[in-house]
Structure formats: structure tokens, C-alpha cells
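Work through the exercises below with the sequence and the coordinates open. Try each task before reading its solution.

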Amino acid sequence: MVRVPRRLATLVVLLPLFASGATAAEELSNESCLACHAIEGFAGPSGRALVVEAEAFDASVHGALPCTSCHADVIAIPHEEKPKHVGPMACSACHGDVVATYLKSIHGQATATGTTDAATCTSCHGTAHAIKKATDPASPVYPLTLPRTCGVCHGDPELAMRHGIPVVNAYQLYMDSIHGRALTKSGLLVAANCSSCHGFHDVRRGSDPESRVHRANIPSTCGTCHAGVAGAYSEGVHGQAFTKGNRHAPICIDCHTTHQIARVDTDPWKLQIVSECGSCHRESLRTYRDTFHGQVTALGFTPVARCSDCHGSHRVFAASDSRSSVAPEHLIATCQKCHPRANENFVQFSPHADPENREKNPFLYFVTLSMNFLIVGVFVFFGLHTALWLARSLLERQSSAPKRDQG
Amino acid sequence: MKQRDPNVPQRYYLRVDLFPRLLHGLLMASFLGLAATGLPLKFSWAPRAGELTTAMGGFVAILFFHKVFAFLLTLCFLLHLGYVLNLALVRGESGVFWGPNSMLPQPKDLLDMFRHMQWFFGIGPKPRFDRLTYWEKFDYWAVFWGMAIIGTSGYMMWFSSFFGQFIPGWLFNIALVIHSEEALLAVWFIFAIHFFNSHLRPEKFPMDLVIFTGRVSEEELRTERPEEYARLVRGDRLQEIETDPPPLWLKNFGRIIGYSAITTGFVLFGLTLLALLGRK
């Protein structure tokens with residue numbers, strides 16, 4: 001015997017009161033659906049709420065559409081079969097391109113594996129019956145709101161660990177970044193939000209060559225907004241190497257990071273970037289640290305020249321290139337930025353003089369060597385002198401102590 | 001050697017005039033200041049150097065104070081030159097440039113050094129030192145040339161824009177190396193060797209107050225500087241330099257200054273050694 005759940009029984013009993021006798025799907029109007037689905041507390045057999053907020057739906061971007069656009073399998077009231085769950089495929093009836101794109105994305109592929117953690121249409125666009133235009137400030141995908149929406153999942157380290165997402169706290173990092181602050185503090189619509197770099201429906205893994213955040217695509221992705229900088233970069237030696245396919249050539253994110261991009265006029269950034277340059281230019285960093293500029297920045301203070309002050313930042317050229325700010329013909333002007341009286345004599349100072357390099361800096365090499373000999377010589381002689389003197393003095397005191405007692 | 005009768009009060013003699021004592025005070029203060037504000041830059045790679053600099057007010061502050069102390073030490077150097085020239089030329093004192101009262105190395109100094117080392121090994125008696133010993137002269141000339149060299153290189157870098165009009169820039173590279181290496185030599189020498197030679201060796205431990213009081217007891221003069229003592233007795237000139245015993249306040253004043261200086265020196269010396277030992 002089939003047990004009829006009480007709620008369904010109620011439903012069946014009430015139906016004739018409202019039913020207008022419609023039998024075919026094409027005749028089902030939203031009013032007839034709402035006759036039941038607008039009743040407060042209306043729920044399915046499992047207790048699942050089945051209420052549709054009529055006003056919200058009318059105000060939504062889909063307000064003009066019949067319910068059956070999405071609930072296409074509902075052809076009769078009462079429903080003969082339990083209507084199917086409406087998933088992304090239902091959206092594809094109208095949004096075919098978008099859904100096709102979505103299905104290829106990391107979210108679509110993850111959903112296909114059966115996980116419920118991955119984003120589907122409604123995860124981002126909001127409750128199915130109240131979807132708003134992306135330009136509506138109330139939409140969860142409105143530019144100023146989008147990071148919070150993505151952050152529901154991408155601010156959850158546990159979810160990230162579960163799915164092997166390399167950046168476990170992207171949301172927190174982003175909110176602290178210059179982009180995040182521009183968005184939250186200043187409300188700038190032009191501030192980069194998640195989708196500016198990762199795309200909307202086509203979010204892909206960074207390792208996917210088609211991803212906008214794949215290493216090979218980063219400069220053009222950042223260049224979408226930072227066109228001037230991207231142009232300067234591509235002209236410079238780093239951009240050129242990158243274009244030629246040098247995997248080690250630094251790209252935007254190597255210096256600026258990805259999510260926690262900071263203002264470049266703060267001391268911590270100014271100091272940290274020196275070590276960043278040094279992670280490839282090791283010898284240059286070592287020799288920089290041997291001279292005054294490098295010593296001051298090593299102490300944590302910035303009123304001195306750092307790499308970019310002399311070499312430039314995005315438009316970096318080899319010193320042998322006449323376009324370089326450290327090319328011989330531009331050296332005086334470059335030094336004059338800080339040392340207004342710098343002249344031809346002055347610029348013979350080497351901010352990277354290596355006292356160990358005898359061929360390049362013979363005089364410095366020999367002076368350093370002599371100073372080291374002097375230091376070692378003085379302390380070997382006086383170290384011994386002191387040690388021997390101490391030993392003898394202690395011996396003398398020991399042997400003279402009894403005498404004093406006798407006297 | 002005759003033991004002193006404890007019932008007879010000690011006689012005291014003036015060994016260091018007030019002016020050189022004041023200059024030594026100025027030298028100590030400016031030297032310690034220069035060391036404290038200069039070493040962080042020399043050891044900028046050390047883990048705590050930045051924090052130490054921040055504690056002193058940051059880089060701009062240590063650079064400012066370094067220049068203030070540099071000015072004071074320069075003043076000290078010039079005052080000393082004036083003092084020596086005044087003694088030699090105006091007051092016509094012979095012996096400033098030669099003889100037992102001269103800071104210039106004498107043949108006896110070489111001999112003394114040799115004999116002193118023989119005594120270290122127990123193969124000879126302790127040499128009979130005169131007014132100025134060879135290690136005191138080494139201290140003096142080390143500081144003298146140190147000031148000249150570190151000062152010159154320091155002023156070159158301080159006024160690099162001015163000097164850049166006449167000298168090639170690579171000399172600033174040389175200047176930095178000389179300035180910092182010679183300074184490290186000076187700092188270590190003073191905090192390790194000079195402190196031991198003049199204060200911490202068993203005969204003087206913990207401190208020789210003569211640089212603060214200017215006075216030595218008759219016993220000290222007789223045992224530590226027998227040659228000078230004998231010379232003064234021979235010339236019957238001992239009374240000329242006889243003075244009152246050092247007052248207690250002056251001794252205490254000297255102790256406070258002296259212990260503070262030695263402590264500061266040892267802390268800086270220790271920090272540099274720790275930094276070097278911890279260097280990867």
C-alpha cells in the first residue's frame with residue numbers, strides 16, 4: 001500500500017479549489033503556479049520549502065518569463081511526476097553560450113564530478129527566482145559585491161584544501177590588496193575584482209594554458225587595465241625575454257604578487273622588492289649590499305636608491321642599451337635625481353663595486369685586501385700580546401701573594 | 001723592592017693635565033657615539049641591526065648623530081693639535097717631539113717591547129718603563145691616524161657632491177671601504193686591546209682612574225714607571241709635580257664615566273662578534 005504523505009494529501013485536496021482546469025503546459029500561467037507556490041509555508045513532501053516570492057520574481061531579470069521556461073517538465077497541475085531539479089542545463093535553454101563556457105570552466109568540470117562545493121549558476125547569480133542584472137547593485141555579481149560572493153568559497157581554507165586549490169585565502173589577500181581597497185574603501189567600479197583577472201564563466205585553473213591567469217597570459221590580462229605599464233614592460237628587457245618564451249623572465253606577478261598586490265609607495269614594498277630583484281640578480285644584490293645604498297635599505301630604511309631608482313621598473317634595459325637609464329650617456333641625469341650636483345667625476349662611483357673582483361675594481365680590491373691584512377695583523381699581534389701579558393700578570397700575582405703574607 | 005709603610009700617607013703626583021683629560025673625555029664620548037651610530041650600517045646584514053637602528057630613531061637619526069659626533073671628534077682632534085703646537089712652539093717646551101715625554105716612538109720603545117715580551121715568557125725581568133710606554137704610544141698613534149683616515153674618508157662621503165667636483169667617484173667606493181674597515185679596527189682595538197692594556201689587566205683591574213683624576217700615587221709611579229721616577233728624583237723635580245690626593249668625588253665621577261664607557265664598548269664589541277659568528 002502506498003502511503004500518501006500528509007502534505008501531498010493536503011495539496012491534492014486543495015487543488016480543485018484553485019485549479020482553473022488547465023491541463024496543457026502551454027496554458028500554465030505564472031498565476032496558476034503561484035496559486036500554490038505563493039502560499040506561505042508551502043512545502044514539498046520532504047518538507048522542502050516550495051515558496052516563490054512573487055514580488056521578487058516579478059522584479060527579477062526573469063520576471064517577464066513564464067515559470068515553465070525553466071520548469072519545462074511541469075505540464076500539469078497537479079504535477080503528475082515530481083518536477084526535476086533545475087540545474088545549469090535548464091539555464092542553457094536561453095544562455096547556451098554561457099553554459100557551454102561554464103561547463104568547460106573549473107567550476108563546471110568540478111560540478112560534473114558530482115561535488116556540491118563547486119559554483120553553479122545560482123551560487124554566483126543568487127536565488128533562482130530573484131536573479132538580477134549584473135549591473136544592479138543588489139546583484140551578487142555586481143562588481144563591488146563580486147569578491148564577497150567569490151569569497152564565500154574562496155575565503156574558506158578548508159574548501160581550498162579539499163579541492164587542492166593552491167591559494168587558500170584568496171579573498172582575504174585580495175581584500176587587503178590595492179585592488180581590494182580601491183573596491184571596498186573607494187567603491188571604484190574600475191578596480192580589478194576577481195573576474196577582471198579570472199574571467200566570469202570561463203574561470204580556469206592557472207595551469208590551464210587557456211586561463212587568463214596562466215603565466216603566459218598574465219601580462220596581457222594585467223594590461224587590460226594597466227595598458228601603459230604593460231607597454232613599457234613589453235618594451236623592456238624583461239618583457240622582451242618573456243615574449244621570446246623565457247620561462248624565467250619576470251612577469252607582473254613576480255614582483256607585484258597576485259592577490260595581495262600592495263601600493264608601491266609604502267616602505268615594506270619598497271624594501272621587499274629589492275630582494276625580489278635579487279632573487280634573480282644575486283650578484284647585483286650582493287654588491288649592492290656592500291655599498292651605502294644597499295646597507296641603508298638592508299637596515300630597513302628607504303631614503304636611498306633602490307634597484308628601480310636607477311634601473312627603472314617596467315622599462316628596464318641592459319646597461320649596454322642606450323635606452324637604459326644606467327647607460328653611460330644617461331648616468332649623470334640618473335644620479336642627479338638624488339645628487340643634484342652629480343657630474344662626470346661623481347658618476348664614476350660604482351653602486352655595485354665588488355671588492356672581490358680584482359679585474360673590475362683593482363684599486364678597491366687591493367685597498368680591501370690591505371685593510372683586511374691590517375686588521376688581521378693588528379689583532380694577531382695584540383691578541384697574542386694581550387693573552388701572554390694576562391697569563392704573565394696572573395702568574396706574577398700568584399707568586400707575589402705569599403711574599404706579601406710573609407712581609 | 002722596598003715595601004711601602006702603610007702609616008705614611010701616600011704622596012700623589014700629577015700625570016695628566018686637566019686639558020688632555022677633558023680632551024680624552026670628549027674623545028670617549030664622540031668615539032662611542034660614532035661607534036654606536038656607525039656600526040649598524042657596517043653590520044646592516046645582521047638580523048637585529050635594523051631594530052637597533054629603529055631603537056635609536058631610525059636611519060636619518062643615526063646619520064644625524066653620526067655627523068654630530070664626527071664634528072665633536074674633529075674638534076677634539078684640532079684642539080689636541082693646538083695643544084701640542086702650543087706646548088711646543090708657544091711655551092717652548094723641549095721634549096714634545098723627542099725624548100721620554102714625547103709621543104714619538106723612541107728607540108727605547110722597541111727595546112721595551114722586546115723585553116716586555118721576554119718577560120711574558122719568563123725569560124727576563126720586567127722592563128723599566130719611562131713616562132710613556134710603547135703600547136700607550138701605539139694607542140695614541142692608532143687613534144691619531146685613525147681619526148685622520150676615518151675623518152678624511154668620512155668627510156669625503158659626507159660632502160660627496162662637493163668632492164665629486166674634483167675627485168673621481170670610484171674614490172667614494174674606496175672611502176667607504178677604508179672608513180668602515182678602519183673604524184671596525186678602531187672599535188675592536190679600543191674595546192678589546194686598549195681596555196685591557198689600560199684598565200682590565202690584573203695590575204689595573206678594574207680600572208685605572210688616572211685618565212679621570214690625572215693623579216698617580218708615589219708607589220704607582222715608582223713601580224709602574226721606574227725610569228721616569230728615577231729621572232725625576234735625579235733631577236730633583238718630583239716636588240714640581242706633587243699634588244693633593246684625588247678627591248673622592250672625582251674618583252667616583254671617573255668610575256661612573258669609566259664603567260659606562262667600558263660597558264657600552266663591551267656591548268658593541270659583543271654585538272659585532274655575535275653578528276659575525278651568526279653570519280651565514
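The exercises concern a predicted model, and each task is followed by a stepwise solution.

**Exercise 1. The contact between the chains**

Find how many residues each chain gives to the contact, and which element of chain A gives the most to the side that touches chain B.

Solution.
- Step 1. Count by chain: 41 residues come from chain A and 38 residues from chain B.
- Step 2. On the side of chain A that touches chain B, list the elements that give two or more residues: these are α19 (292-299) and α22 (362-406) of chain A.
- Step 3. Rank them: α22(A) gives the most, with 18 residues.
- Step 4. Sort this side of chain A by class: 25 residues are nonpolar, twelve are polar and four are charged.

**Exercise 2. The surroundings of α19(A)**

Determine how many residues of α19(A) are buried, and what covers them.

Solution.
- Step 1. Check the helix residue by residue: eight of the eight residues of α19(A) are buried. They run A:F292, A:H293, A:G294, A:Q295, A:V296, A:T297, A:A298 and A:L299.
- Step 2. Look for the cover within chain A: it includes α17 (267-278) and α18 (282-289).
- Step 3. Look across to chain B: α1 (18-42), α2 (49-55), α3 (59-90) and α7 (170-200) are also among the covering elements.
- Step 4. Follow the backbone past the helix: just after α19(A), A:G300 has a positive phi of about 105°.

**Exercise 3. The largest nonpolar core**

State how many residues the largest nonpolar core has and which of them have the most contacts inside it.

Solution.
- Step 1. The core has 53 residues, and A:L299, B:L73, B:A175, B:A186 and B:V187 are those with the most contacts inside it.
- Step 2. At least two core residues come from each of α19, α21 (331-336) and α22 of chain A, and from each of α1, α3, α5 (134-158) and α7 of chain B.
- Step 3. The greatest contribution is from α7(B), with 16 residues.
- Step 4. Take B:A175 as a case: beyond its neighbours within four places in sequence, B:A175 is in contact with B:S153, B:M156 and B:M157.

**Exercise 4. Classifying A:L103**

Decide whether A:L103 is buried, partly exposed or exposed.

Solution.
- Step 1. Locate A:L103: it lies in helix α5 (residues 96-104) of chain A.
- Step 2. Count neighbours: 16 other C-beta atoms lie within 10 Å.
- Step 3. Compare with the cut-offs: buried needs 20 or more and exposed 12 or fewer, so A:L103 is partly exposed.

Note on methods:
Residues numbered from 1 in each chain as written. Chains lettered and ligands numbered in written order. Predicted model: local features only at pLDDT ≥ 70, side-chain atom pairs only at ≥ 80, totals over all residues. Contact = placed C-beta atoms within 7 Å. Helix = DSSP H or I, 4+ residues; strand = E, 2+ residues; numbered from the N terminus. Nonpolar A, V, L, I, M, F, W, Y, C, P; charged D, E, K, R; others polar. Core = buried A, V, L, I, M, F, W, Y, C linked by C-beta atoms within 7 Å.
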